[in-house]
Amino acid sequence: MDRSAGNRSAGSERTTGALSSRLLDYRMEHLMLSGAGYSDSGQAAPGLPRWRQQTQYAIGHTLNDFYSLLPEVRRETPIQFLLERRWPSQGDAFPSLLHYWDVKTAVSDELMRIASVNHLQDIPVMLYEQWFVPVPQLKLELSIIFQLAWRSGVSGRSLKMQKFMVSGNEEVITGYLHMANVFCQQAYGEPPETVEIYSLLDGRKHCFDGAAFTLKESLDYVQLLSVFVEEEEEASRSPRCSNRRSDIGEDAYRGYGLM
C-alpha cells in the first residue's frame, strides 16, 4: 500500500508482557470465512478463494487511495478510476471470465454509490490503521484494523466505524461488533456511536448502534472468539490437518487484512 497502515497501541503503555495472547480481527475473519464454504464432498473448503482475497485487496487499496484525498479533491475524483488501477488482471483466480466481470461491475457500482454520499465533507480519523488495546479482564491484547473511522458528534460515544466486505457473513459481522465494542470501551471508555458494515457484492449495508451490547456481553463473546481462533490455529498446525487451509500463514492473513 502506498500509505502504510497504522500499527499503534491505544493505551499509554504496552502491557503485552502481562497478557497471555493476542486476538486480531483479520485472523478471526479469515478463519470464519474459510470455514463458510464447503466442497461437493461436504469437506471444509481449503481457505478463502483467491478471487475473494484479490477482490478484498483491491477494495482496501481503492478506499485508502480515495479517502487519503482531501474532501474537495475526492469530489473531483471518480472512485472507479482508482479501483481500475487496483483491480486484479484477468487470471485463473476467478472461476470464469463472466464471474470476473460480474464481481468487478458489482463492486465498482457499489463503491461509486457509497462514495457519492459517504462523509463528503469529513476527513477520517483512522484510515486502514491497525490498533492494539490490552484487555486485562481476558488476559489478552485485542487488535482491530480500522478501515474507516470518523469522529463521533454524540456525547458518550467514541467513533463511527465503517467496514467493507466483499460479501457479508453473519458470524464475522457479529464477531466484529463485539470486538469493536470491547476495543472502544477499553481504549476510550465509551462505545462506538455506530458500526456500519457494507457487503459490496449484494449491495447491502448493515448499520448497528455501537451500544447494542453491554461490555460484559461483548467481553464474553470476545473470550469465546479467542478460544475459537486459538483452537483453529492449533488444528491448522497439526500434521493431520496440514491441508485444511492452504493459505493459513501470516502473509496470507495480512494480505487479507492490512494489505
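**Figure 1. Burial and overall make-up of the protein chain in the predicted model.** Of the 259 residues of the protein chain, 51% count as buried, and the secondary structure comes to 8 helices and 7 strands. The chain exposes about 12500 Å², of which carbon and sulfur atoms supply 50%. When contacts between residues at least 6 apart in sequence are considered, 71% of them join residues at least 24 apart.

**Figure 2. Helix α1, residues 25-34, within the rest of the structure.** Because 10 of the 10 residues of this helix are buried, α1 is largely enclosed by the rest of the structure. The buried residues of α1 include Asp25, Arg27, Glu29 and His30, as well as Tyr26, Met28, Leu31, Met32 and Leu33.

**Figure 3. Aromatic pairing around tyrosine 100 and tryptophan 101.** The structure holds 7 aromatic pairs; in one of them, tyrosine 100 and tryptophan 101 meet edge-to-face, with 5.3 Å from centre to centre and 85° between the planes. Tyrosine 100 is buried, at a relative accessible area of 5%, whereas tryptophan 101 is partly exposed, at 39%. Ring pairs join both residues with Trp51 and Phe94 in a cluster.

**Figure 4. The edge-to-face pair of phenylalanine 146 and phenylalanine 183.** The ring centres of phenylalanine 146 and phenylalanine 183 are 5.2 Å apart, and the planes make an angle of 70°. Phenylalanine 146 lies in strand β4 (residues 140-151) and phenylalanine 183 in helix α6, so the pair ties together parts that are 37 residues apart in sequence. Both partners are buried, with a relative accessible area of 1% for phenylalanine 146 and of 0% for phenylalanine 183.

**Figure 5. Surroundings of glutamine 185 in helix α6.** Glutamine 185 belongs to helix α6, which covers residues 170-188. Apart from neighbours within four places in sequence, glutamine 185 is in contact with Glu190, Pro191 and Leu215. The C-alpha atoms of glutamine 185 and arginine 157 are 9.3 Å apart in space, while the two residues are 28 apart in sequence.

**Figure 6. The charged end of lysine 163 over the ring of tyrosine 176.** In this view the charged end of lysine 163 sits 4.9 Å from the centre of the tyrosine 176 ring.

**Figure 7. Two salt bridges that involve helix α5.** The count for the structure comes to 9 salt bridges, among them the one between the side chains of lysine 104 and glutamate 84, at 3.0 Å from N to O. This pair links distant parts of the chain, with lysine 104 in helix α5 and glutamate 84 in helix α4 (residues 79-86), 20 residues apart. Lysine 104 is buried at a relative accessible area of 11%, whereas glutamate 84 is partly exposed at 48%. Glutamate 110 forms a salt bridge with arginine 113, the closest N and O atoms lying 2.6 Å apart; because these two residues are 3 apart in helix α5, about one helical turn separates them. Here glutamate 110 is buried, at 8% relative accessibility, and arginine 113 is partly exposed, at 39%.

**Figure 8. The salt bridge of lysine 205 and glutamate 196.** The side chains of these two residues meet at 3.7 Å, N to O. Lysine 205 counts as partly exposed at 46% relative accessibility, while glutamate 196 is buried at 13%.

**Figure 9. A nonpolar patch on the surface.** Leu70, Val73 and Ile123 form this patch, and together have about 260 Å² of accessible area. Isoleucine 123 is found in the loop between α5 (97-115) and β3 (126-135), and is exposed, with a relative accessible area of 54%.

Notes. Residues numbered from 1 in each chain as written. Predicted model: local features only at pLDDT ≥ 70, side-chain atom pairs only at ≥ 80, totals over all residues. Heavy atoms only, no water. Helix = DSSP H or I, 4+ residues; strand = E, 2+ residues; numbered from the N terminus. Contact = heavy atoms within 4.5 Å. Phe/Tyr/Trp six-rings, centres within 6.5 Å; stacked < 30°, edge-to-face > 60°. Buried < 20%, exposed > 50% of the residue type's maximum accessible area, 1.4 Å probe, protein only. Lys NZ or Arg CZ within 6 Å of the ring centre and 35° of its normal. Areas by Shrake-Rupley, 256 points an atom, 1.4 Å probe, with all protein chains shown as cover. Patch = residues over 30% accessible without salt bridge, like charges linked within 9 Å, V, L, I, M, F, W, Y side chains within 5 Å. Salt bridge = Lys/Arg side-chain N within 4 Å of Asp/Glu carboxyl O.
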